[in-house]
Amino acid sequence: MEILKRTADALQQGEHQQVATLVAEALGAGIPAGDVLQQGLLAGMNVVGEQFRLREIFLPDVLMAAKAMYAGLDVLKPHLASEGVPSRGKIVIGTVKGDLHDIGKNLVGIMLKGAGFEVIDLGHDVAPEAFVDTAAREGATLIGMSALLTTTMTRMRDVVQLLRERGLSGKVRTIVGGAPVNADFAREIGADDYACDAATAVDRVKALLGA
Ligand code: B12
């Protein structure tokens, strides 16, 4: 669809105001929020990621694109998450220590909220103790961890280990995600599950918590 292509292009150019306007227009035209997300915002961000990998663009360009992504997400958020659904359980999420990437984690949080879970978002650069202490204090039954760097994904293992040390394995389940993470890695570090995207994350979390 033309407007979604324009949204993706504007995101790549880092035109945050234009992205917000186009997302609002697309929603106003009756395009489902999920399509605006996938074919507009995420399609644009995928191109940015590829161009960054090939060194065709540089960090400031990626930052501008990320800002545009958030401008679009702000408009989209109320349409992705339906309000007033009774809580299906408490979840702690965050991006692991040393890692500042939070767009994917935020999307997962939005979708989980929309599915009726109470989400405590610890943000990015989250220490293992913060994940585990918060879950214990708040009586959360699941920790969701995000990592986008091969150097930080290993921190997920520390969280799983800390839960074990505190006798919380089984009581507090774990799910991991982020571009470098996969199901084999999740198994290797002893996490309960893995999901490749936000929609799958909701399905897996429901299954894990029997919700
Ligand atoms: C945007 C971006 C940035 C932005 C982040 C802004 C922000 N607020 O998040 C900025 C500019 C800050 C940045 C910085 C850096 N980045 Co960067 N960045 C990206 C980029 C282009 C897009 C990431 C993104 O947001 N994708 C869109 C979201 C929606 O996708 P996602 O995160 O994968 O999330 C989905 C799934 O993975 C899953 N998911 C995610 N989290 C979770 C959690 C759970 C629990 C579950 C179940 C599922 C799940 O669901 C999400 C939704 O569908 C990627 C390229 C890429 N292909 O990933 C590089 C990339 C991740 N960055 C990279 C690098 C190298 C860096 C820097 C080290 C660069 C530098 N030299 O300084 C720094 C590191 C800073 C730090 N300490 O974290 C590399 C990593 C390479 C590697 N193998 O480790 C990548 C892959 C680029 C590349 N091809 O080289 N980056």
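Which strands does helix α9 lie across, and at about what angle to β4 does this helix run? In this predicted model, helix α9, formed by residues 198–209, lies across β1, β3, β4 and β5, and its course makes about 165 degrees with β4, the strand of residues 173–177.

The sheet that carries this helix is open and consists of five strands, which follow one another in the order β2-β1-β3-β4-β5 with parallel pairing. The edges are taken by β2 (118–121) and β5 (193–194), each of which has a single partner strand, so that one side of each remains without a neighbour in the sheet. A further helix, α6, spanning residues 128–138, packs on the sheet, where it touches β1, β2 and β3, and its direction is at about 165 degrees to that of β1.

Strand β1, residues 90–95, is paired with β3, residues 142–146, in the parallel sense, and five bridges connect these two strands; within this pairing, Ile93 has Gly144 of β3 as its bridge partner. Strand β1 also runs parallel to β2, to which it is joined by four bridges, and here the bridge partner of Ile91 is Val119 of β2. Together with helix α5, the strands β1 and β2 make up a β-α-β unit that is right-handed.

The model also contains a ligand, around which 36 residues are placed, the closest being Leu100, His101, Asp102, Ser146 and Thr150. When the residues of this shell are sorted by class, 22 are nonpolar, nine are polar and five are charged. Backbone atoms also approach the ligand: a polar backbone atom of Gly98 is 3.1 Å from a nitrogen atom of the ligand, whereas for Ala198 a backbone N or O atom lies 3.2 Å from a ligand oxygen atom, and for Gly178 the corresponding distance from a backbone N or O atom to an oxygen atom of the ligand is 3.4 Å. The elements that contribute two or more residues to the shell are the helices α3 (33–53), α4 (59–80), α5 (103–114) and α9, along with the strands β3 and β4.

How values were computed:
Residues are numbered from 1 along each chain as its sequence is written. This is a predicted model: local features need pLDDT of at least 70, side-chain atom pairs count only at pLDDT 80 or more; totals for chains, interfaces and linings use all residues. Side-chain values use heavy atoms; hydrogens and water are left out. Two strands pair if DSSP finds at least two bridges between them. Contact means heavy atoms within 4.5 Å. Axes are lines fitted to C-alpha atoms, for helices over the stretch in contact, and angles run from 0 to 180 degrees between N-to-C directions. A residue is near a molecule or strand if one of its heavy atoms lies within 4 Å of it. A polar contact is a pair of N or O atoms within 3.5 Å; within protein, one must be able to donate a hydrogen and the other to accept it, and residues adjacent in sequence count only if both atoms are side-chain atoms. Ala, Val, Leu, Ile, Met, Phe, Trp, Tyr, Cys and Pro count as nonpolar, Asp, Glu, Lys and Arg as charged, and the others, Gly among them, as polar. A crossover is right-handed if, with the strands pointing away from the viewer, the path from the first strand over the helix to the second runs clockwise.
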